[in-house]
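Dear colleague,

Please find below the structure that I am handing over to you. A short account of what was found in it follows.

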Amino acid sequence: MYQNPCKFKSVRRPLKGTQVITEPHFQIAHPTSGAVPPAGFHPQQFQYTRDNSVLTLEQRQFYEDNGFLVIKKLVSDADIECFRNEFERICRKEVEPMRLVVMRDVTIAKSEYVPSEKMITKVQDFQEDEELFRYCTLPEVLKYVECFTGPNIMAMHTMLINKPPDSGKKTSCHPLHQDLHYFPFRPSNNIVCAWTAMEHIDRNNGCLAVLPGTHKSSLKPHHYPQWEEEGVNGIFHGIEDDDENNDQVHLVVEKGDTVFFHPLLIHGSGRNKTQGFQKVCMNSTAFSKDEWVRNKNVKIYKHLKDLWLLSKLAFSLVYLPGNTFVYVMLFKLLSVRIRVTSGFQPY
């Protein structure tokens, strides 16, 4: 049965390699600290991280076991304010970067448009906006990304999310899902998502909820949640076989905290019960083109309303009613969304 993501529960057991601080209504999971291992010291085989001098052995093991890692205060307040200011300029239409997708919540999509941040819930594919794209090139972020992808890094999917106050119809929720569902490239272990909080985020304003260890499973079927008629944004798909008794960890984070997670990790976010707009920067990154392959078996789009969004988001595969499908060349579509952030040029 599909679980309402607005009713996330707190995990009942400590995660491997964490110290869990319990407070009323939520828990905070922090990776434990440890010394950086000497060069060449490999006590065991790691599958999801690369050999590096940045992560401690405990941090690497935590990511191996759980599929995510929280790095506190990674991005500076000054940089976050610059990104916030640029987002506000985009909302006011003072700048209009090429190929940028500006999205509005379903509850305000049909209302009269007045340029302001209260009308915009997400800007996507900001690779042509030099100020926002600077987030993807921050040395402090890239040094951690490289631990998961290696040195040749490309930004594949960029977003700044502006989660609005919930309308009472769960529109601010994002159902439990796996990011790989949206990605037409593989292998999954060559991809990592960087998610940076632009302010304090907790269960009140809809923090991330993750299912630790689910990155070790396969990609699950996704669909629109059962509460679709009440209000759900386009392509906010959720896993079909969610167990309502599963245990989730709610990631309570502060401004500048950054979560790195695997694209198969099941995660989502609850409703924003405040009157403010919750902001995060996101970027999914991968290896250079020579080290990843296209996947022609991606079955993402099963709804007519997704077809219209395809033209905006430039995904690779569309399924129409009656099992008719249109396959679009992957590299031609992705080439307008991919931008190198570190290492060799992929083309």
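Strands, as the word is used here, are DSSP runs of E with at least two residues, numbered from the N terminus. Two such strands pair if DSSP finds at least two bridges between them. Please keep in mind that the model is predicted.

With these terms, the sheet may be described. Its four strands are arranged in the order β7-β15-β10-β13, and the sheet is open, with antiparallel pairing. At the edges lie β7 (174-177) and β13 (249-251), each of which pairs on one side only. On average, neighbouring strands of this sheet are turned by 25° against each other, direction ignored. In general, the strands of a sheet pair through backbone hydrogen bonds.

Which residue of β15 stands opposite A209? The residue is G268. The strands concerned, β10 (residues 208-210) and β15 (residues 267-269), run antiparallel and are joined by three bridges.

The helices come next. Helix α4 spans residues 139-149. Its buried residues are V141, L142, Y144, V145, C147, F148 and T149. After α4 comes G150, which has a positive phi, near 90°.

Is Q61, a residue of helix α1 (residues 57-66), buried or partly exposed? Buried means under 20% relative accessible area and exposed means over 50%. Q61 has a relative accessible area of 23%, and therefore counts as partly exposed. Between Q61 and T49 the distance in space is 9.0 Å, C-alpha to C-alpha, while in sequence they are twelve residues apart.

Yours sincerely

Methods: Residues are numbered from 1 along each chain as its sequence is written. This is a predicted model: local features need pLDDT of at least 70, side-chain atom pairs count only at pLDDT 80 or more; totals for chains, interfaces and linings use all residues. Side-chain values use heavy atoms; hydrogens and water are left out. Axes are lines fitted to C-alpha atoms, for helices over the stretch in contact, and angles run from 0 to 180 degrees between N-to-C directions. Buried means under 20% relative accessible area, exposed over 50%, partly exposed in between (1.4 Å probe, protein chains only).
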